[in-house]
Structures are given as structure tokens and as C-alpha cells.
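Below are my notes on the model, set out as numbered points for your review. Please read them with the coordinates open.

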Amino acid sequence: MAMAGRNLEKLASIDAQLRLLVPAKVSEDDKLVEYDALLLDRFLDILQDLHGEDLRETVQECYELSAEYEGKHDPKKLEELGNVLTSLDPGDSIVIAKSFSNMLNLANLAEEVQIAYRRRNKLKKGDFADENSATTESDIEETLKRLVFDLKKSPEEVFDALKNQTVDLVLTAHPTQSVRRSLLQKHGRIRDCLAQLYAKDITPDDKQELDEALQREVET
């Protein structure tokens with residue numbers, strides 16, 4: 001059990017690792033760690049099948065060094081990461097860059113499924129009259145409540161902090177959310193598999209079938 005926990009933490013995204021470190025901030029219905037770890041595990045297995053164990057280990061090393069630097073801001077970790085990246089040949093660099101792009105897409109899918117899962121639970125409990133009124137993690141009212149009640153900030157402190165915020169406009173040269181229809185369809189099938197895998201009434205046979213389907217979709 002302890003080994004499984006360590007493996008989960010190793011595979012989880014930076015966001016999921018932070019959730020593991022601060023369990024009090026994770027709700028009972030939070031599945032993001034499991035979703036994210038499952039997708040990343042599947043992706044790394046496929047990467048190894050296609051490009052070999054050495055490349056998989058390099059991707060994992062870059063991933064772990066990045067997570068460690070993000071968590072502790074240790075300059076040595078950033079230097080280690082730089083050394084790994086500069087030692088790569090051009091071909092491996094392209095594959096690794098594409099790997100991280102795909103891993104980010106999968107992490108985003110995991111978060112989308114988690115948000116939908118939490119929203120359905122709130123609707124079942126009668127927290128919202130309809131789905132359109134359901135909140136997400138970025139809900140401003142929930143954030144203000146957390147600041148005042150959980151973090152013990154006074155309304156005056158929150159107001160002063162808000163007054164001192166600045167807003168900068170950034171113009172991009174390309175549509176950052178432009179995605180091919182075929183890729184959107186693949187993402188949709190991955191979301192469906194992931195959501196069904198964690199259904200409470202799923203049978204072992206159904207789970208195996210869905211897991212195999214998820215493996216195929218990630219591979220494509």
C-alpha cells in the first residue's frame with residue numbers, strides 16, 4: 001500500500017502532488033490525483049513501447065526535476081534539468097518536447113473530468129438548482145470565503161489586496177485554443193473512458209474493457 005502511494009505521488013502532476021501534500025484542501029470526492037496518474041502512466045508506457053526505455057526515463061527525469069524545482073525552488077534542480085536538456089540530441093529533443101505537450105493535454109483532460117465529477121455530486125446533493133449555476137474551483141465567492149474563514153484574513157485585508165492588483169493586457173499572435181476537430185474527438189473519447197472507469201457500479205470486466213479502450217485512445 002505504501003509502495004502504491006509512492007508510485008502515485010511520483011506519477012502525479014505538480015498540481016496533484018500539491019494536493020497530496022495538503023490533504024485538508026482536497027474534498028472527499030476529489031479524483032484528480034487518480035485521473036492524472038492513470039493517464040500519465042498510460043502515456044509513459046506507450047512512449048516506452050514506441051521510443052524505448054531510455055527515452056521514457058529521460059522524460060520522467062525531466063518531469064520529476066521540474067516538479068522538485070517547482071515545489072522547493074532549489075537552483076540545483078533547475079541546473080540539473082538544464083544539463084539533461086542540453087545533453088539531448090535534436091531527435092530526442094523533439095520527441096521529449098512533444099511528450100510534454102501531450103502530457104499537458106492529458107492533465108487538462110483529467111482536470112475537466114474532475115470538475116464535471118464534482119459538479120454532478122453537488123447537483124445530486126441539491127447544492128445547485130441547475131448545472132448552469134454550479135461553481136468551479138475558481139469561483140470568486142468561494143475564494144473570498146476561504147480567505148476570511150479558513151485563512152483568517154480580515155475583510156479589510158482582502159479589500160486592500162484587491163485594490164493593489166494590477167491588470168496587464170497580453171496580445172498573442174496565434175489562437176492558443178485552436179485544436180483540430182479530430183483531436184477534440186479523441187480527447188472526448190478519453191474523457192468518456194476516464195469518467196466511466198471511476199463509476200461506483202462498474203464491474204471488473206467493464207473496467208478492464210474501459211482500461212484497454214483508454215490505452216488505445218491515448219496511443220492514437
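1. Is Lys77 buried, partly exposed or exposed? With a relative accessibility of 23%, Lys77 counts as partly exposed, where buried means under 20% relative accessible area, exposed over 50% and partly exposed in between, computed with a 1.4 Å probe on protein chains only. The partner of Lys77 in a salt bridge is Glu68, with the closest N and O atoms 2.9 Å apart, and Glu68 is likewise partly exposed at 34%. A salt bridge is taken here as a side-chain nitrogen of Lys or Arg within 4 Å of a carboxyl oxygen of Asp or Glu.

2. On provenance, this is a predicted model, in which local features need pLDDT of at least 70 and side-chain atom pairs count only at pLDDT 80 or more, whereas totals for chains, interfaces and linings use all residues. Residues are numbered from 1 along each chain as its sequence is written, and side-chain values use heavy atoms, with hydrogens and water left out.

3. As to the overall make-up, the protein has ten helices and zero strands, where helices (H or I, at least four residues) and strands (E, at least two) are DSSP runs numbered from the N terminus. Of its 220 residues, 28% count as buried. The accessible surface comes to about 15400 Å², with 52% of that belonging to carbon and sulfur atoms; the areas come from the Shrake-Rupley method with a 1.4 Å probe, and for residues only the protein chains shown count as cover. Among contacts (heavy atoms within 4.5 Å) between residues at least 6 apart in sequence, 61% join residues at least 24 apart.

4. The structure holds eight salt bridges, and one of them joins Asp211 to Arg42, with the closest N and O atoms 2.7 Å apart. Since Asp211 lies in helix α10 (residues 204-219) and Arg42 in helix α3 (residues 32-51), this pair ties together parts that are 169 residues apart in sequence. Asp211 counts as partly exposed at 25% relative accessibility, whereas Arg42 counts as buried at 11%. A reader tracing this pair should also include Asp41, as Asp41, Arg42 and Asp211 are linked in a network of salt bridges.

5. Helix α10 also supplies Glu217, whose side chain meets that of Arg189 in a salt bridge with an N to O distance of 3.0 Å. Arg189 belongs to helix α9 (residues 181-197) and Glu217 to helix α10, so the pair ties together parts that are 28 residues apart in sequence. Glu217 counts as buried at 17% relative accessibility, while Arg189 is partly exposed, with a relative accessible area of 37%.

6. Helix α9 itself has 17 residues and reaches 25 Å from its first C-alpha to its last, which is close to the 24 Å expected at 1.5 Å a residue; the expected span is 1.5 Å times one less than the number of residues. The buried residues of α9 are His187, Gly188, Ile190, Cys193, Leu194 and Leu197. In reading such a list, recall that an α-helix has 3.6 residues a turn, so residues three or four places apart point the same way.

7. Helix α4 (residues 53-72) contains Arg56, which is buried at a relative accessible area of 12%. Leaving aside neighbours within four places in sequence, Arg56 is in contact with Asp41, Leu44, Asp45, Leu47 and Gln48. Leu55 is also found in helix α4 and counts as buried at 7% relative accessibility. With the same neighbours left aside, the contacts of Leu55 are Leu47, Asp92, Val95 and Ile96. The C-alpha atoms of Leu55 and Ile96, which are 41 residues apart along the chain, are separated by 7.8 Å.

8. How many aromatic pairs does the rule give? The count comes to one aromatic pair, where rings of Phe, Tyr and Trp (its six-membered ring) pair if their centres lie within 6.5 Å, and planes under 30 degrees apart count as stacked, over 60 as edge-to-face and the rest as tilted. The rings of Tyr63 and Phe100 have centres 6.4 Å apart and planes at 25 degrees, so the pair is stacked. Because Tyr63 lies in helix α4 and Phe100 in helix α6 (residues 90-124), the pair ties together parts that are 37 residues apart in sequence. Tyr63 counts as buried at 15% relative accessibility, and Phe100 is partly exposed at 28%.
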